[in-house]
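The exercises below ask you to read pockets, ligand contacts and backbone geometry from one model. Work through each task before turning to its solution.

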Amino acid sequence: MPNVDPDFVPVSIPGPAATEPGDSPDRPFGPTGEGSSSRTVAALGDLPPQEFLRQAERVVRWITEYLAAPERFPVVPRVAPGEIAAALPAAPPAAAESLDAILDDFERLIVPGVTHWNHPGFFAYFAITASAPGILAEMLISALNVNAMLWKTSPSATELELRTLDWLRQLLGLGDGWFGLINDTASISTLLALAAAREAKPELEVRERGLAGRPDLPRLRVYTSSHAHSSVDKAVITLGLGHENVVHIETDDAYRMRVDALEAAVAADRARGFLPLATVATVGTTSTTSIDPVRAIAGVCERERMWLHVDASYGGVAAVVPEMRHILDGTEIADSLVVNPHKWLFTPIDLSAMFTRRPDVLKRAFSLVPEYLVTREQNDVVNLMDYGVQLGRRFRALKLWMVIRAFGADGLAARLRAQMEMAREFAQRIDDAPDWERVAPVPFSLVCFRYAPAGSTEAERSALNEAILERVNASGSVYLSHTRLEDRYVLRLAIGNMRTERRHVMEAWRLLREAAATSSATPLAATRPSPTGD
Ligand code: PLP
């Protein structure tokens, strides 16, 4: 139990008397014109507590009603580009405005332009959830406004982050020896992992001497599948390794990296004097959620002394479901791993969990402590600024901690399992329907499929599916996205919102069939707006 200061007085919300005489409830903030100069310091401060409470109640009521029925909004807003900006004043207000007016405008101007990721009919990209415990945590995070750059700048933030990520490690079934920290996104986690991969070869002296003007350096190669996320390419570009040094390895017929092709690429590179630096394997690729054979890839990495990073940012959390643990098979010998609780573990964006078995290397890549950040206990604690680029850090751990506690391991697993079951049922509908075709296995909760009526050409099928997607998304009840697989235009239905029920999935299926019937009956040219807009 932490010591409590005997003089500590609990915070209590003062009554309305705390509001200054002359304060208008409509203009609770700054000076209001004449006479304002005589106001006390409070007039230069924040919202008075009673007013804060009143507005907070309005906001919480709005959130409560929103979460209870997000379906009253179309999933995708019906706005044209520039429409929202045109409704907003071009210049900022000089005088304070009331929160009543601001919140009115939030409802009137902003909400109509929002794409509702928290809508149960959101099936696009990877569907996500801001769950209630996560939302409450976000409120507390803002209120505390902690900057967790150093242990000293908020011991709770650092220690909760380390403890919560260790909980997540256990939930994923990973063994001991993993160090976890939180980044905003998987893109950053992968960037840091590849920076560590470079640092893992200290003989290159990249940290001190850089890459430019170094004829002594070989080309440094990074291997990943042709289905890997573009964040791998962006990390390589950012690290100055050169985009052409990302080697995209062929995949098999289930979109998994071919290990023989990886071995061949590495051998060819070695023969040319290039240095294999790292491989990024994916558990749950973006287009189809395919799972690379991580164990076999890990064998190649070990042999070739390459860093292995596993991008499991969407699929990895499925390992919370005990019977799904196998998806991380082989990861125990990887060097780093990223999973995104903000994708599929009901945590409001943003929260990406990065794990590494080599925190010393990550720290060596990034630690730099100027005098003004020196603290007395720095050798005895973890200072999270040492493990990445950013100095300032949000207190994100609070939301994952609250989500894990509020649902429990069993509750999280049950929700993920139910979503995977809904996806399997949808996949079965596709399999059973004449003229519809499933185009990839369904290891998680994403189904890739298309309308492929007998007798149609490939070009017609692509155009038809594009038209179907437009029609279905225009309904306002569901939102799906697409990808391309071997030049085929493919529809994606991703289930990941906690509020999605079977009826929403079945509604998507009804709309898809309806759109297919209409699109087949309507000449395709008529389904597209003419370039002149008439
Ligand atoms: N990796 C994979 C496999 C993804 O699917 C995505 C996004 O969907 C990312 C990385 C990038 O995630 P983030 O937005 O957290 O950077």
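**Exercise 1.** Determine what volume the largest pocket has and which elements contribute to its lining.

*Solution.* In this predicted model, the volume of the largest pocket comes to about 960 Å³. As a next step, list the lining, which consists of 32 residues, with V59, I63, I135, E138 and M139 lying nearest the centre of the pocket. Assigning the lining to elements then shows that α1 (49-68), α3 (99-110) and α4 (132-144) are those that give two or more residues to it, and that the largest share, 8 residues, belongs to α1. Finally, sort the lining of the largest pocket by class, which yields 22 nonpolar, 8 polar and 2 charged residues.

**Exercise 2.** Describe the second largest pocket by its volume, its central residues and the classes of its lining.

*Solution.* The second largest pocket holds about 600 Å³ of space. It is lined by 34 residues, and the ones closest to its centre are Y125, F126, T286, S481 and R492. Turning to the elements, at least two lining residues each are supplied by α6, α11, α14 (458-474), β10 (481-485) and β11 (488-494), while the most, 5 residues, come from α14. The class count for the lining of this second largest pocket is 11 nonpolar, 18 polar and 5 charged residues.

**Exercise 3.** Establish in which pocket the ligand sits and which elements form the shell around it.

*Solution.* The ligand is placed in the second largest pocket. Within the shell around the ligand, α6 (186-199) and α11 (341-344) are the elements that give two or more residues. The shell amounts to 13 residues, of which A186, S187, T286, D311 and N340 are the closest to the ligand. Divided by class, the residues of the shell are 2 nonpolar, 9 polar and 2 charged.

**Exercise 4.** Find which side chains place a polar atom beside an oxygen atom of the ligand, and work out how much of the ligand the protein buries.

*Solution.* Take a cut-off of 3.5 Å between N or O atoms for a polar contact. For N340, a polar side-chain atom lies 2.8 Å from an oxygen atom of the ligand; for T286, the corresponding distance to a ligand oxygen atom is 2.9 Å; and for K343, a polar side-chain atom is found 3.1 Å from an oxygen atom of the ligand. The last step concerns area: the ligand taken alone exposes 390 Å², and the protein buries 86% of that.

**Exercise 5.** Identify which residues are joined by a cis peptide bond and where Y255, with its positive phi, lies.

*Solution.* Start from the general expectation that most residues other than glycine have a negative phi and that most peptide bonds are trans. Against this background, the bond joining I349 and D350 is cis, with omega about 15 degrees, and D350 has its place in the loop between α11 and β7 (352-356). Y255, a residue other than glycine, has a positive phi near 65 degrees, and the loop that contains Y255 runs between β3 (246-249) and α9 (259-271).

Conventions. Residues numbered from 1 in each chain as written. Predicted model: local features only at pLDDT ≥ 70, side-chain atom pairs only at ≥ 80, totals over all residues. Heavy atoms only, no water. Near = heavy atom within 4 Å. Polar contact = N/O pair within 3.5 Å; in protein donor to acceptor, adjacent residues only side chain to side chain. Areas by Shrake-Rupley, 256 points an atom, 1.4 Å probe, with all protein chains shown as cover. 1 Å grid on protein atoms, 1.4 Å probe; cavity = no way out; pocket = protein on both sides within 12 Å on 5 of 7 lines; lining within 4 Å. Sits in = over half its atoms within 2 Å of the grid points. Helix = DSSP H or I, 4+ residues; strand = E, 2+ residues; numbered from the N terminus. Nonpolar A, V, L, I, M, F, W, Y, C, P; charged D, E, K, R; others polar. Points joined across faces, edges and corners; volume = space filled by probe spheres on them.
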